[in-house]
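Q: Please choose a single part of this structure and take a close, careful look at it with me. I would like to know first what surrounds such a part, and then how it is built in.

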Amino acid sequence: MRFYSHILPNGLEVIAECSPSAFSTALGFFVRVGARDEPEDISGVSHFLEHMAFKGSGSRTADDINREFDEIGAVYNAMTSYDSTIYYAAVLPEYMEKAFELLACLIRPAIRPDDFELEKKVILEEIRMYLDQPPYGIDETCRRRFFKTHPLGQSVLGTVESISALTPEQMRMYYQQRYTARNIIVGTTGCVDFDKLVALAERYCGDLNSEENERIQLRPDPAFGTFRHHKPSATQQYVIQIAEAPPATSPERFAGRFLTAIVGSSTASRMYWEFLDPGRADSVSLTYESYEDAGIFVTFLSCAPEMLEENLERLRKLYNQLETEGVSAEELSRVKNKMAASLVLAAERPSSRLFAIGSERLTTGEYRSVEEELKIIDSITLDDVNRVAEKYPLSCNATEIIGPMPQGSS
Amino acid sequence: MTHLITTKLILYYRIVSFKVTAFLLRMAGSARETAQDRFHGFRQAGSGKIAPVVPQPESQFIHRFDNGLVLLGESMPWLDSVGLALAVPAGSAFDPEDRAGLASLTTEMVLRGAGSRDSRQFLEDLENLGIIWSEAVSRLHIVLTATMRASQLSEALPIFADVLLRPRLPREELEPARQGLIQEIRADRDLPEVKLRRELRRRCFPYPWNRPTQGEEETVAAIEWEDVRDFVDQHFRPDGSIIAVAGRFDWDETKALVERLFRDWTGVAPSPLPWRWERERVKHVPYDSQQTHIGVAYKSVPYDHPDYFLARASLGVLSGGTSARLFMEVREKRGLCYTVQATYHVIKNMAAVFCYSGTTAERAQETLDVLLGEISRLKEGVQSEELERVKVQIKSSLVFEQESSASRARSLIGDWVLLGRVRPVTELKQSIDALTVHAVNRFLAENPPDDFTIVTLGPHALEVPREVL
């Protein structure tokens with residue numbers, strides 16, 4: 001696999017990790033825009049805008065876009081998070097040009113008023129769909145409480161109120177500010193002809209606005225404490241905990257991933273033995289999310305209401321022990337084997353490599369080949385992991401609990 | 001054991017997508033949804049005018065050992081990985097009526113130590129080898145699937161052979177395993193879409209195929225350790241079991257290894273319980289939610305039917321992409337929902353299409369009406385552009401599958417179970433190429449979607465037009 005990069009005069013970067021023998025090509029437009037960039041009164045605009053991208057541009061209608069993607073048999077979609085919006089498609093190599101043209105069309109939406117009003121209904125349905133699913137929105141209330149005024153505490157979906165009040169003009173203005181060439185990286189993996197890709201980028205993206213638009217970056221000043229919400233109709237009790245973690249730009253981020261894997265991912269982790277093997281919970285995990293200026297460890301636990309207090313205590317003990325005693329060499333070595341294998345296996349599919357290289361480039365400006373990733377995995381020491389466990393105590397967190405158990409805060 | 005990844009995780013990542021993808025769907029489904037249902041449900045894929053590069057030549061292998069065990073292989077030398085799938089005829093359709101959930105609980109138990117390894121050793125060894133694996137309970141089988149680097153196959157197979165041949169079934173682990181399963185059953189009650197799909201299935205397939213694979217809280221509570229032991233004893237048998245290997249491997253070496261590991265295994269698994277219909281065609285389930293969830297099922301032709309590809313193409317026109325009729329009419333033109341889709345579900349010789357949408361209670365009646373209208377309109381036929389798009393989609397999905405050894409291994413098992421043979425990729429491609437508008441429309445005229453089962457879940461019941469029943 002070879003890596004290529006080219007920056008257009010307007011600042012848009014095109015990158016490719018080429019494996020000429022791959023059967024498919026994956027393309028993604030990674031845009032540096034997400035919930036964190038939104039003024040409060042237009043909360044949810046990044047995600048709504050991502051939906052409007054599929055409603056057409058220039059002479060293309062929404063029907064045209066849906067039809068043309070389906071005509072080339074593309075597996076395509078888009079997603080919006082706190083700090084990025086990604087439009088992507090996986091296609092057979094012979095359709096790369098068409099897929100590029102369509103993705104480039106998505107990122108300059110017409111935002112027609114009729115489409116806007118119709119799609120608003122879809123967004124409102126999406127918000128209600130999530131409200132019906134546990135943990136019933138407390139993930140976002142927990143983030144908001146943890147991050148306080150930091151922009152990473154803002155909601156991706158927005159609220160029924162903010163979405164209902166949003167106008168096409170507000171969305172267009174937001175688009176002008178955020179969808180600039182310097183905020184976009186075009187990433188490709190699999191069977192890619194890089195020269196052709198650069199030519200496509202010049203043709204379809206060369207005229208994008210090249211304005212510089214800095215994102216507000218802040219050091220988080222997190223708030224902790226426990227809040228409980230009462231939802232009598234729920235069956236299980238749900239717990240979300242957010243604790244500080246290394247930001248994406250920190251050298252500690254790799255150790256952060258190891259810590260997460262040892263404690264709470266997949267089988268044979270500490271959480272597995274503590275909660276799942278004994279049947280104390282139906283679901284539990286620890287994940288690590290990192291951004292340019294902040295990182296968080298997120299704990300999720302779902303269990304029968306009568307098990308809640310006991311499980312919270314077990315979680316506390318598990319985290320306290322981790323902070324004082326650290327992890328063992330054996331745990332580290334096992335997780336290394338597992339992470340190395342997962343990396344190599346996932347790299348067989350261009351579509352899974354696409355998100356790894358595109359998101360990394362967008363957040364940190366870096367690129368690492370599979371071989372370089374393997375070297376990093378190999379180089380992590382017990383000290384690295386234990387230092388992160390000590391420096392970012394998981395027991396020091398913002399907790400939100402929802403379910404049939406009565407309300408109250410502590 | 002795969003419970004760490006559930007729909008709930010999607011939530012707090014808050015990576016919110018334009019549409020529900022096959023990937024998300026898979027995550028959103030119960031971890032226990034059958035590998036087999038899933039496989040045939042969505043090969044979203046492929047091409048009209050330009051022939052996609054379905055890799056050639058394909059080399060498939062089939063061997064039946066004396067004890068009845070079947071080994072299937074498909075060489076994919078362009079990959080560095082190998083996918084392994086092992087299926088034993090111990091699915092939930094075999095659960096005794098008052099012990100529903102026995103197959104699921106048995107799965108939990110056989111993974112708690114086997115042969116020389118206790119539960120911890122078993123999981124840690126697999127992790128040390130870097131094997132990515134999961135288990136699933138379908139109606140017919142318990143299926144273990146694993147992906148690994150090619151060199152690891154000879155180490156992985158003996159570990160999984162122990163699970164099938166020498167599970168320890170530690171008595172003291174029954175309670176924890178049961179508690180875990182009961183918690184999962186309870187957690188699904190908080191997921192309206194999962195609950196709706198379950199209620200729909202219950203009414204449109206015959207017993208025992210209509211039951212949720214996990215069983216019910218009361219029936220799981222009634223299972224005793226002896227039930228698990230007897231279930232393993234009766235169903236973990238070579239005649240009826242299938243092992244599939246796809247990716248980079250040597251057929252002769254693999255066959256010899258499988259023979260060595262499994263040659264002392266004997267016996268034939270029993271047949272599933274006899275069918276029984278508990279038909280209730282319209283049902284509203286009261287549920288405290290913002291959205292009303294709508295499920296409409298109609299019968300289709302099974303995977304081994306000569307008209308299968310015609311049915312598959314019609315389903316593609318209905319719900320194969322964002323230009324398909326359901327997405328266009330329900331979401332794009334009217335903004336009635338976020339999710340609308342139709343999926344194909346098959347049991348041995350019976351199949352159905354499940355259509356689903358979730359929408360705000362006030363707009364649920366309109367959504368149901370539009371949904372039923374579109375399904376009924378299928379009998380008037382499809383357009384050639386619609387069919388061309390479906391063909392391109394199916395054919396590209398065949399190519400995408402060539403990048404995943406594990407999904408190909410699962411496909412081999414699905415083919416064997418439903419067809420009694422393995423369908424080569426070239427044959428699949430030819431069958432798709434051969435589809436014509438004329439043939440699809442003749443099929444739809446002769447087999448219009450009918451015999452609907454309609455289930456809704458939400459705050460209010462809806463009116464179901466008499467003419468569709």
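A: A nonpolar core is a set of buried Ala, Val, Leu, Ile, Met, Phe, Trp, Tyr and Cys residues joined through C-beta atoms within 7 Å, and a residue is buried if 20 or more other C-beta atoms, placed from the backbone, lie within 10 Å of its own. This is a predicted model, in which local features need pLDDT of at least 70, side-chain atom pairs count only at pLDDT 80 or more, and totals for chains, interfaces and linings use all residues. Residues are numbered from 1 along each chain as its sequence is written, while chains are lettered from A and ligands numbered from 1 in the order in which they are written.

The largest nonpolar core has 260 residues, and those touching the most other members are Ala89(A), Ala99(A), Leu103(A), Ala156(B) and Ala244(B).

The part for our close look is β12(A), a strand (a DSSP run of E, at least two residues) that spans residues 295-303 and has nine of its nine residues buried. Gly295(A), Phe297(A), Thr299(A), Leu301(A) and Cys303(A) point one way from β12(A), whereas Ile296(A), Val298(A), Phe300(A) and Ser302(A) point the other way. In a regular strand the side chains alternate between the two faces of the sheet.

Strands pair if DSSP finds at least two bridges between them. β12(A) pairs in the antiparallel sense with β10(A), residues 237-245, over nine bridges, and here Gln237(A) stands opposite Cys303(A). With β11(A), residues 283-290, β12(A) also pairs in the antiparallel sense, over eight bridges, where Val298(A) is the bridge partner of Thr287(A). A hairpin of four residues joins β11(A) to β12(A).

Conventions:
A residue is buried if 20 or more other C-beta atoms lie within 10 Å of its own, exposed if 12 or fewer, and partly exposed in between; C-beta atoms are placed from the backbone.
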